[in-house]
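Me: Hi! I've got a structure open and would like to talk it through with you. Can we start with the terms?

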Amino acid sequence: MSAPNVLPPPAEHPTDQNGLGKTVVMDPSSCFVPLTDSHVAQLALNAMSPLTIALDGNRVAGTAYVTSSRRTSSCSSAAGKEAQVEIIKETLVDMSMETVLKVMRSEVIYDEDGAPLRELFFKISGSGLAPWEIHRPQQVVMELAKRGVFHGRTVLDAGCGIGDNALYLARYCACREVTAFDLVPRCLQFAEAKEGLRQGMKGKVKWLLADGVDLGASPLAGKWWDVVLDVSTFHCFGNMDRAAYCEGLKGLVRPGGHLLLVAMSDKGSSHVAGPRRVSQNEIYKSFPASSGWEVESIEDTLLEHHPNINRTGGRNGWPAWRGYAEAHLAVIRRL
């Protein structure tokens, strides 16, 4: 990642000589509990009784998570689209990495606005097999922690999924408070189960169920956070829902606070599958000064994928699902 613009530290908290908050950043391997056989069994029993996870770590019968694509359906008729959706549902009855990726590549799971069909979204969410459920914090989040942007601040993880970023922030980044929300109850159950497996972490994150397109009617309404972290949520929305999401975020970031936005970029390799890609221009248009925002910087970064996804070539030759995806990191200030 390129040299950062460091957010100013809160006035009431001490900083080191470089102006960064005194943040403890651990090696990635120490930031999460590996899903051993006993851990997986405990997760299934304690948090996700409707979800059965096979102990080989590769197959599940239950649910996972799907994001949006910029492509629209190529089905010639509503009847044809409905038939394809039924085929996808049947495919996911016995789920594996292979079937998840097969569904992700299908254009039929996205509506005309580029958003995932909600029924399938819920059916796939929270298995830990989805490409972006990597079972540790994203490297870009740990890089942000090195900049001291979370130290001493209240932090909201918007669209937290199965909770790895929020748990890392709560344990290692000296945040004043960490809250996390997601649309899918099963993801929050998974996150809470992970929290329960980590010594001294119980209750360190406040987990909330909320819909990103209706934040004003959610349990988050009327509260402000110093930093809102969005990793892979913004690019999930179709065009109509994106405006509602951005308007809702405006009510959650305190004036002078920051939104840290990480979204898949339109740069780099060809996009034959997966979430919609986002251009820098789209970010500027979504967060204009007229709506109370200032985009302070946008830089290139990477979003990592699930470790079980095979890597089949060099950096510029890998297919769409590989070890990572090109992304934008935007630092956006609330005016």
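Reply: Happy to. A residue is called buried when its relative accessible area is under 20%, exposed when it is over 50%, and partly exposed in between. One thing to keep in mind is that this is a predicted model.

Me: Good. Let me try that on S232, then: buried or exposed?

Reply: S232 has a relative accessible area of 12%, so S232 is buried. You'll find S232 in the loop between β7 and α8 (239-250).

Me: What is the phi of S232 like?

Reply: Positive, at about 70°, although S232 is not a glycine.

Me: Which other residue that is not glycine has a positive phi?

Reply: H135 is one, with phi near 65°. H135 sits in the loop between α4 (118-124) and α5. With 11% relative accessibility, H135 counts as buried because the cut-off is under 20%.

Me: And what about phi just after α5?

Reply: There you meet G148, with a positive phi of about 80°.

Me: Let's zoom out. How many helices and strands does the protein chain have?

Reply: The protein chain has nine helices and 10 strands. It runs to 335 residues, and 56% of them are buried.

Me: How much area does the chain expose?

Reply: About 14,000 Å², with carbon and sulfur atoms supplying 51% of that.

Me: What share of the contacts comes from residues far along the sequence, 24 or more positions apart?

Reply: Among contacts with a separation of 6 or more, 77% are between residues 24 or more positions apart.

Me: Back to α5. Which of its residues are buried?

Reply: V140, V141, M142, L144 and A145 are buried in α5.

Me: What do those buried residues pack against?

Reply: The partners are helix α6 and the strands β7, β8, β9 (293-304) and β10 (324-334).

Me: Take the α6 part. At what angle do α5 and α6 pack?

Reply: Helix α5 (residues 139-146) and helix α6 (residues 164-172) pack at about 25°, and their axes are 10 Å apart. That angle makes α5 roughly parallel to α6, because angles under 35 degrees count that way.

Me: Which hand does the crossing of α5 and α6 have?

Reply: The α5 and α6 crossing is right-handed.

Me: Which residues meet there?

Reply: From α5 you have V141, M142 and A145, and from α6 they meet N165, Y168 and L169. The residues of this contact divide into five nonpolar, one polar and no charged.

Me: Where is G163 placed?

Reply: G163 lies in the loop between β4 (154-158) and α6. Its relative accessible area is 1%, so G163 is buried.

Me: What does G163 touch, beyond its neighbours in sequence?

Reply: Not counting residues up to four places away in sequence, G163 touches A191 and W207. If you want a distance to check, the C-alpha atoms of G163 and V205 are 9.3 Å apart in space, with the two positions 42 residues apart in sequence numbering.

Me: New topic: the loop between β6 and β7. What is L220 in contact with there?

Reply: L220 does sit in that loop. Leaving aside neighbours within four places in sequence, L220 is in contact with L156, T179, F181, L208, A210, L215, W225 and L252. The relative accessible area of L220 is 0%, so L220 is buried. The C-alpha atoms of L220 and G248 are separated by 9.7 Å, and these two are 28 residues apart along the chain.

Me: And A221: buried or exposed?

Reply: A221 falls in between: it is partly exposed, with a relative accessible area of 34%. A221 lies in the loop between β6 (205-209) and β7 (225-231). With neighbours within four places set aside, A221 is in contact with L215 and G216. The C-alpha atoms of A221 and L252 are separated by 7.3 Å, with the two residues 31 apart along the chain.

Me: Last one. Where is S279, and what is it in contact with?

Reply: S279 is in the loop between β8 (253-264) and α9 (280-286). Apart from neighbours within four places in sequence, S279 is in contact with D266 and H328. At 17% relative accessibility, S279 counts as buried.

How values were computed
Residues numbered from 1 in each chain as written. Predicted model: local features only at pLDDT ≥ 70, side-chain atom pairs only at ≥ 80, totals over all residues. Heavy atoms only, no water. Axes fitted to C-alpha atoms, helices over the stretch in contact; angles between N-to-C directions. Helix = DSSP H or I, 4+ residues; strand = E, 2+ residues; numbered from the N terminus. Parallel < 35°, antiparallel > 145°, perpendicular 65-115°, else oblique. Left-handed = near helix turned anticlockwise from the far one by under 90°. Contact = heavy atoms within 4.5 Å. Nonpolar A, V, L, I, M, F, W, Y, C, P; charged D, E, K, R; others polar. Buried < 20%, exposed > 50% of the residue type's maximum accessible area, 1.4 Å probe, protein only. Areas by Shrake-Rupley, 256 points an atom, 1.4 Å probe, with all protein chains shown as cover.
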